[in-house]
Amino acid sequence: MAGTELEPRDRLRCVIIGAGMAGLLAGIRLKEKGDQFVIYEKGDKVGGTWRENRYPGLTCDVPAHAYTYSFAPNPEWSQFYAPGPEIQHYFERIADDYGIREHIRFGAEVAACRYFEGLWHITLSDGSTDVADVVIAATGVLHHPRTPDIPGLDSFAGDCFHSTRWDDTVPLDGRRIGVIGNGSTGVQIVSALSERASRLVHFQRSPQWIMPVQNFIYSETDRHAFRSDVSNIDAIRFGQDYWGGIRRFNAAIIDADSPEMAEIEAIVLRNLEESVTDPELREKLRPSYRAACKRLIYSPNYYAAVQRPNVFIETGPIERVEPEGVRMRDGTLHALDLLVLATGFHADRFVRPMIMTGRDGADLNQAWAVRPTAYYAITIPDFPNLFLLNGPTAPVGNFSLIDIAERQWAYIDQLLDLLRQGQCSAVAASHDALADYEERRITAARHTIFGSGCTSWYLDAHGVPLTWPWSYDRFAEAMAAPKLSDFELA
Ligand code: NAP
């Protein structure tokens, strides 16, 4: 450690990439510390995933009062599970209330970050440049749409778009609509459109387990109670119902043989058996893999939606797309006016395709040649003063990513304090620390329910869950204080 001769810095100069939930959080926290920062956002609005996803039925399946910043509770949520536009509005308001908007450069896409001579040199796609002590990558996880490789897709004569590229000008009522994909997105879209389409075909490659939930409306009386006493909000977001549920769910996913997992399996199985009356349809909808292997889908109304007479679940293989619609391998043609691709994301990209070059020319694509990873999901050897929020190996599941990002920020901030206090000018995890973390993580990840035998975006290219494999409490403990012996300080 070179530190003692360094002077404390008045303030750090930081670049945050992305003005979604995590980027706004970083901005708020850096502002509190008096650091200098800019947020580069390639879009024209804040909100990240909530700006990009505008499909009908969009709802967050984490309780709204838990899907808020801990320091900015929102008494105005209209429902237990908030609709997407309300969440977007929340982030817009936060950007104003916390004075973050003036720090954001919209329409500014970062193309490359190169570390040399102790600084990050940032190049934007318009050719402009910037220099910073620290880069915070708040670039999101599910950001790059995955378009299916189906022959003839371009030949379709109707409207066709990915779920994140929703075209509001395309009419929906009374039309023949096809939805490919039945992850959380496809299920929400089908549930919302089943009452509007004249015919709705849901193309299902693998069935999904569905966790039944109730989404209740908050009355004006409820909202008044939330406004007048924050303890009514705290009872939801910090209460036993929510955290007890998180801990039970967490115990289930990290131990596939746990009683908690058996409880989830019993609930989703009962939901299927009791909600779907037609035996043929029930068998179409019955997965052959274990519940929660793919991200568990929470839905109040999917089974009701697919039992409407105008809805058809297509389970056969797609042969090709033709101008009139989707042709199945058995020759059936589903004639359609609109085809929605709810086919997910390239979940392994993280900060890429940005070019990230670390110390001595280290290339992130090479560092991530086997799989994207980061020590405790936050820092990468040879990439000093680069910190990731919701980076690879962070907890995923049916949790609030806001809570995860806030805990990660508390950890990052302690590392930034080393820079602020002049204890070092560069900090990154060591290679040994990352190797040890990955060895332990991969061993544990193989035994989680995510690794129990299904396809999902949780898995890396080698079929190993790219996730935090231990308990949420262990994550909270890990984030409470960095173990400095695992870091290289220069
Ligand atoms: P996803 O879970 O990755 O699902 C993609 C779907 O597309 C799967 O059903 C997949 O089938 C299907 N698919 C992909 N390529 C296909 C092809 N060539 N032919 C036929 N089917 C194909 O994506 P997502 O539904 O967008 O959800 C991603 C994640 O976003 C969720 O897991 C969740 O974390 C998040 N999300 C959250 C909420 C929320 O309420 N909080 C809402 C929406 C999304 P296979 O299963 O057979 O691969």
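**Figure 1. Helices H6, H7 and H8 contribute to the lining of the second largest pocket.** In this predicted model, helix H6 (230-237), helix H7 (240-254) and helix H8 (259-275) each provide at least two residues of the pocket lining. Helix H7 gives the largest share, with 6 residues. The lining is made up of 23 residues, and those nearest the centre of the pocket are Tyr81, Asp241, Gly245, Arg248 and Tyr298. Sorted by class, the lining residues comprise 15 nonpolar, 3 polar and 5 charged. The volume of this second largest pocket is about 680 Å³.

**Figure 2. Strand S9 pairs with strand S10 and with strand S17.** Strand S9 spans residues 176-180, and 4 of its 5 residues are buried, so that the strand is mostly covered. Strand S10 (residues 199-203) runs parallel to S9 and is joined to it by 5 bridges. Within this pairing, Ile177 has Leu200 of S10 as its bridge partner. Strand S17 (residues 338-341) is also parallel to S9, and 4 bridges connect the two strands. Here Gly178 is matched with Leu339 of S17 as its bridge partner.

**Figure 3. Strand S9, helix H4 and strand S10 form a β-α-β unit.** The helix of this unit, H4, covers residues 184-193. The unit as a whole is right-handed. Its two strands, S9 and S10, are parallel and share 5 bridges.

**Figure 4. Arg175 lies in the loop between strands S8 and S9.** Strand S8 comprises residues 159-162. Is Arg175 buried or exposed? The relative accessible area of Arg175 is 18%, and Arg175 therefore counts as buried, because the cut-off is under 20%. Leaving aside residues up to four places away in sequence, Arg175 touches Asp159, Val170, Arg196, Ala197, Ser198, Arg199, Asp337 and Leu338. Two of these contacts belong to strands shown in Figure 2: Arg199 is in S10, and Leu338 is in S17.

**Figure 5. The largest cavity is lined by nonpolar and polar residues.** Rolling a probe the size of a water molecule over the atoms shows where empty space is left. The structure contains 3 cavities of 30 Å³ or more, and the largest cavity encloses about 40 Å³ of space. The residues that line the largest cavity are Ala137, Thr139, Gly140, Phe350, Val351, Trp368, Leu388, Leu389, Asn390, Gly391 and Pro392. By class, 7 of the lining residues are nonpolar and 4 are polar, while no charged residues are present.

Methods: Residues numbered from 1 in each chain as written. Predicted model: local features only at pLDDT ≥ 70, side-chain atom pairs only at ≥ 80, totals over all residues. Heavy atoms only, no water. Buried < 20%, exposed > 50% of the residue type's maximum accessible area, 1.4 Å probe, protein only. Pairing = 2+ DSSP bridges. Right-handed = clockwise from strand over helix to strand, strands pointing away. 1 Å grid on protein atoms, 1.4 Å probe; cavity = no way out; pocket = protein on both sides within 12 Å on 5 of 7 lines; lining within 4 Å. Points joined across faces, edges and corners; volume = space filled by probe spheres on them. Nonpolar A, V, L, I, M, F, W, Y, C, P; charged D, E, K, R; others polar. Contact = heavy atoms within 4.5 Å.
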